[in-house]
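Colleague: I've got a structure open and would love to be walked through it. Could you take my questions one at a time?

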Amino acid sequence: MPDTSISPNPIHVIGGGLAGSEAAWQIASRGIPVILHEMRGVRETAAHKTDGLAELVCSNSFRSDDATSNAVGVIHAEMRMANSLIMACADAHQVPAGGALAVDRDGFSNAVTEKLAAHPLITIVREEVTALPPEDWDQAIIATGPLTAPALAEAISAKTGKEALAFFDAIAPIVYRDTVDMDICWYQSRYDKVGPGGTGKDYINCPMNEAEYNAFIDALIAGDKTDFKEWEGTPYFDGCLPIEVMAERGRETLRHGPMKPMGLTNAHKPDEKPYAVVQLRQDNALGTLYNMVGFQTKLRYSAQKDVLKMIPGLQDAEFARLGGLHRNTYLNSPTLLDGTLALKGRPGLRFAGQITGCEGYVESAGIGLLAGRFAAAERLGRDTVAPPPETALGALLGHVTGGHISHEEEGGKRSFQPMNINFGLFPELEPGALIDPETGKRPRGKAKSSVKKQLVAKRALEACKAWVDA
């Protein structure tokens with residue numbers, strides 16, 4: 001049983017969404033009092049419909065529950081191991097959805113609210129927190145999500161710096177490196193330029209001839225596009241125009257913008273000048289993910305896949321994330337947060353959930369779970385032990401706190417962007433480990449990807465169990 005006499009002072013959690021609810025539960029489960037601050041009930045948001053905790057604003061799906069070969073299913077399983085309130089309530093209010101975990105949204109939210117309200121160590125306070133926690137809140141977690149209220153967002157921005165908080169998220173698609181056809185594409189930096197930490201071969205280049213380019217432009221313009229919700233405003237700003245908007249401004253616009261072919265020579269056909277080139281840039285330190293440079297888009301996901309696979313070399317590509325452009329308040333976390341999600345220069349103040357730069361219900365709750373465990377360990381005078389990077393929780397934490405590539409040669413432009421959990425965030429398997437357990441041989445072709453996912457998932461669950469049991 002936890003010794004509640006160790007820590008009479010409460011830990012404050014600001015925000016009663018999935019991340020804040022999970023963080024509060026993890027803290028209280030360790031015998032530490034929690035004050036959970038939630039403004040809904042006093043001040044509404046433009047997206048929420050109720051004052052229930054952990055309200056699901058968009059879909060009612062937690063996505064795949066397959067822990068054998070899907071990264072989302074793996075993080076589900078890991079959170080269950082770690083006594084997740086969010087997963088327990090989701091399981092209790094599941095509705096039929098094939099291989100996905102979908103929930104009755106009202107039943108789920110009501111269950112989370114009731115569990116937290118009934119816990120003897122949790123006090124729920126309905127109020128808007130408009131400033132950073134005062135110093136006498138020596139342990140606090142801000143989990144206010146992508147719709148953080150303006151006053152608190154301004155306070156965070158004032159503390160962290162003007163460029164540290166993004167309010168509109170321009171997202172370029174991200175491709176799994178091992179699904180790019182390198183018989184068509186090649187490595188080269190424009191003009192073979194060697195930037196900081198570069199080699200002159202820092203980009204993957206996908207060439208297009210004139211006919212391919214024109215067909216691509218036609219498909220971009222005709223593609224089905226999403227509309228902004230009224231509360232999102234119009235987030236277009238210099239340098240982040242959607243590619244289809246650029247295409248509508250003139251057929252040659254993209255060829256003189258992000259798809260310009262200058263300074264590049266096709267390694268497979270050195271005597272043939274590409275008419276246009278799509279560049280992919282390494283997105284994570286592991287080198288498993290590459291983003292499509294300048295390809296933020298408002299095309300609907302189904303249209304994106306069709307259009308992007310028209311690009312030579314990406315005909316069989318798999319995407320870790322598709323593009324978008326939407327309202328999303330999030331921190332430049334790799335520069336601001338340490339490995340325990342604490343704000344550098346302000347001990348005891350942590351951030352959790354989507355404001356840290358993760359996407360999705362379970363990802364937000366997972367980061368809340370970690371923030372709660374870290375804060376509780378610190379309050380109890382124990383070591384804050386992060387999950388191994390081989391786990392889904394550890395891989396997500398690594399993304400949030402530093403698993404990306406900076407591009408200082410581009411004037412310090414931020415490269416960190418929110419992401420769902422995916423296998424591209426996990427460390428590669430050890431050399432020689434990619435062996436099909438059924439055949440005992442190295443898999444080839446499409447079987448290789450399937451076996452790899454199974455082995456990475458198995459390794460993650462084993463590592464998580466060891467972490468939870470330690």
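Modeller: Sure, and keep in mind that this is a predicted model. Let's start with Phe 108: its relative accessibility is 0%, and buried means under 20%, so Phe 108 counts as buried.

Colleague: OK, how is the ring pair of Phe 62 and Phe 108 arranged?

Modeller: A pair of aromatic rings is described by the distance of the centres and the angle of the planes. For Phe 62 and Phe 108, the centres are 5.5 Å apart and the planes sit at 80 degrees. Planes over 60 degrees apart count as edge-to-face, so this pair is edge-to-face.

Colleague: How many residues apart are Phe 62 and Phe 108 along the chain?

Modeller: Phe 62 sits in strand E3, while Phe 108 belongs to helix H4. The pair links distant parts of the chain, and the separation is 46 residues.

Colleague: Is Phe 62 itself buried or exposed?

Modeller: Look at its relative accessibility, which is 0%. The cut-off for buried is under 20%, so Phe 62 counts as buried.

Colleague: Which residues do ring pairs link into a cluster?

Modeller: Phe 62 also forms an aromatic pair with Tyr 361, a tilted one with 5.6 Å centre to centre and 50 degrees between the planes. Tyr 361 is in helix H10, 299 residues from Phe 62. Put the ring pairs together and the cluster is Phe 62, Phe 108 and Tyr 361.

Colleague: Back to helix H4: what span should its 14 residues have?

Modeller: H4 covers residues 105-118, and each step along the helix counts for 1.5 Å. The end C-alpha atoms are 20 Å apart, which agrees with the expected span of 20 Å.

Colleague: And which residue's side chain reaches a backbone nitrogen at the start of H4?

Modeller: The backbone nitrogen there is that of Asp 106. A side-chain oxygen comes to within 3.1 Å of that nitrogen, and the oxygen belongs to Asp 104.

Colleague: Which side chain makes a polar contact with the side chain of Glu 363?

Modeller: Glu 363 is in helix H10, and at a relative accessible area of 0% Glu 363 is buried. A polar atom of its side chain lies 2.9 Å from the backbone nitrogen of Ile 421. The side-chain partner, at 2.6 Å, is Arg 63.

Colleague: Last one: which residue lies over the face of Trp 467?

Modeller: Over the face of Tyr 275 you'll find Arg 255, at 3.9 Å from the ring centre. For Trp 467, the distance to the ring centre is 4.5 Å, and the residue is Arg 373.

Methods
Residues are numbered from 1 along each chain as its sequence is written. This is a predicted model: local features need pLDDT of at least 70, side-chain atom pairs count only at pLDDT 80 or more; totals for chains, interfaces and linings use all residues. Side-chain values use heavy atoms; hydrogens and water are left out. Helices (H or I, at least four residues) and strands (E, at least two) are DSSP runs, numbered from the N terminus. The expected span of a helix is 1.5 Å times one less than its number of residues. A polar contact is a pair of N or O atoms within 3.5 Å; within protein, one must be able to donate a hydrogen and the other to accept it, and residues adjacent in sequence count only if both atoms are side-chain atoms. Buried means under 20% relative accessible area, exposed over 50%, partly exposed in between (1.4 Å probe, protein chains only). Rings of Phe, Tyr and Trp (its six-membered ring) pair if their centres lie within 6.5 Å; planes under 30 degrees apart count as stacked, over 60 as edge-to-face and the rest as tilted. A charge sits over a ring if NZ of Lys or CZ of Arg is within 6 Å of the ring centre and within 35 degrees of the ring normal.
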